[in-house]
Amino acid sequence: MRRSTIVSLVGVVVVAAAALGATLASGKSPVLGLDLQGGASVVLQPKTDVSSGILNQSIEIIRSRVDALGVAEPDISRQGEAIIVELPGVKNRDRALQIVGQTAQLYFRPVIQVLPASETATPTTTPPTTVDETATTVAETPPTTVAPAELKTTPPEENDPAKPVVLPERDSDGNVVARYQLGPAEVRGQAISEARAQIEPTTGAWTVTFGLTGSGTKEWNAMAAKVGRGNRIAIDLDGVVKSAPSLEVTEFQGEGQITGSFTEREAKDLALVLRYGSLPVQLEPQTVQTVSASLGKDSLRAGIAAGVVGLALVALYMVLYYRALGLVVWVGLAITGALLYSIVTLLGHTRGLALTLAGAVGIVVSVGVTVDSYVVYFERLKEDLRSGRTLRSSVDRGFSRAFRTILSADFASVIGAVVLYMLSVGSVRGFAFFLGLSTVLDLTVTYVFTRPLVAILGRNRFFTEARWVGVNRGLASAASGGSA
């Protein structure tokens, strides 16, 4: 027996065992998708026709928002002109969808006057606030003036940056806590280069520090000079005022700071808005879907149960039909499974690959492809044995002829998987990826494991001639010299 046969067989077993052992020792497992662990998804659609470049830019901004939220393995993709955002395992779905769904342009508008939260409320006034002339920040201050309540809130579709508007400010529960009459937008969100929430060392209060681009600094200085110290600037995102701090300086040197009675969450959310609030196109949510963690676990358990039952039936049939060669199928599937588990886990934690229910279906389908490879090879052996050849002499010859058929069939599956992956999105793409990956592993394991193992076992008399498990009996051969 050639030494390369032994090396090939031992090598693949060692690699599979080492990969699975390292994966289990690390405590990691495949990253599950939205439908297997629960989470939330939203489909965003542009209000007008836009180019592919604009959509791609929007996807990158949304991806930055989601990454900043700390969502593990999000799936953000395009389907035509729609953007699909899937957030598997997200703990606070409402907050995540709120941040992702803030898709309009970010504007900075001067506050003309503060209005009651209700359009039917009785007008009131509040005393003016004093301004610290030595301050170097933009500070959040209470309302200073309340105007007549007959001014109506501007509908979101009429939020024109070139015109005055009346916009609401909402709390974390979505309730309107104030309304503002605002002038035309003086600065857009592109002026902000970065923003972060941090604790002020001297006061222990949460603040938001932001950086400005070169042109953004000029725009902010021009706006500050026009609005004047002590007056307020509203941060308008998607027709909602996120904050309305007052100006304490009229000249910015590339950065600024917003202070106020922020909680940690409010400060971090405002920083997210400033950092990733500006999109090149207005997007509106078309559908919003949430999947509970319990429903995801139910789907996972059902999928695992179906897979185990299917594999058990296939394994039992192969042993009953091919006898000892069926055991080769068992071990081959185990090696393929170990390699697949390790690869999927590695890609999940390094490249963001998530295993979805559709991906699991792709793996199950690939099991059929793998079993077909064994059947093709074993049936070729059966033909040779029936023609009077021994198992030992048929192993290499039969494999050479069978492998051409296996290669053609698997190559067709790979081509289909690649084309489907390139032309589809979402769960269908996951199905294509896992089908293609499993098929490639099938080809590899068939060549480096199945062929050498059958060649080695073909020299063993018990393996070929035993009454209940003999290969000659399993292949329905009339030949009796399987070990000659």
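These legends walk through four close-up views of a predicted model.

**View 1. The largest cavity and its lining residues.**
Welcome to the inside of the protein. Searching the whole structure turns up two cavities of 30 Å³ or more. The largest cavity, shown here, has a volume of about 50 Å³. Its lining is made up of 10 residues, and those that lie nearest its centre are F108, F210, W220, I235 and I258. What kinds of residue make up this lining: nonpolar, polar or charged? The lining divides into 10 nonpolar residues, with no polar and no charged ones.

**View 2. The aromatic pair of F210 and F252.**
You have already met F210 as one of the residues nearest the centre of the largest cavity. Here F210 appears with a ring partner. The structure holds 12 aromatic pairs, and one of them joins F210 to F252 in a tilted arrangement, 6.5 Å centre to centre with 40° between the planes. F210 belongs to strand β10 (residues 206-212), while F252 sits in the loop between β13 (245-247) and β14 (255-262), so the pair ties together parts that are 42 residues apart in sequence. Are these two residues buried or exposed? F210 is buried, with a relative accessible area of 2%, and F252 also counts as buried, at 3% relative accessibility.

**View 3. An aromatic cluster with R451 over two of its rings.**
One aromatic cluster is formed by Y374, Y377, F378, F399, F403 and Y447. Look for Y374 and F378, which both lie in helix α9 (residues 357-386), four residues apart, or about one turn of the helix. Both Y374 and F378 are buried. Which residue places its charged end over the ring of F399? R451 does, with that charged end 5.7 Å from the ring centre of F399. R451 also lies over the face of Y447, at 4.9 Å from the centre of that ring.

**View 4. T450 and its surroundings.**
T450 has its place in helix α11 (residues 426-457). With 1% relative accessibility, T450 counts as buried. Which residues does T450 touch, once its neighbours within four places in sequence are left aside? T450 is in contact with V328, Y374, Y377 and V445. Two of these contacts, Y374 and Y377, will be familiar as members of the aromatic cluster in the previous view. L9 completes this picture: T450 and L9 are 441 residues apart in sequence, yet 8.2 Å apart in space, C-alpha to C-alpha.

Key
Residues numbered from 1 in each chain as written. Predicted model: local features only at pLDDT ≥ 70, side-chain atom pairs only at ≥ 80, totals over all residues. Heavy atoms only, no water. 1 Å grid on protein atoms, 1.4 Å probe; cavity = no way out; pocket = protein on both sides within 12 Å on 5 of 7 lines; lining within 4 Å. Points joined across faces, edges and corners; volume = space filled by probe spheres on them. Nonpolar A, V, L, I, M, F, W, Y, C, P; charged D, E, K, R; others polar. Helix = DSSP H or I, 4+ residues; strand = E, 2+ residues; numbered from the N terminus. Buried < 20%, exposed > 50% of the residue type's maximum accessible area, 1.4 Å probe, protein only. Contact = heavy atoms within 4.5 Å. Phe/Tyr/Trp six-rings, centres within 6.5 Å; stacked < 30°, edge-to-face > 60°. Lys NZ or Arg CZ within 6 Å of the ring centre and 35° of its normal.
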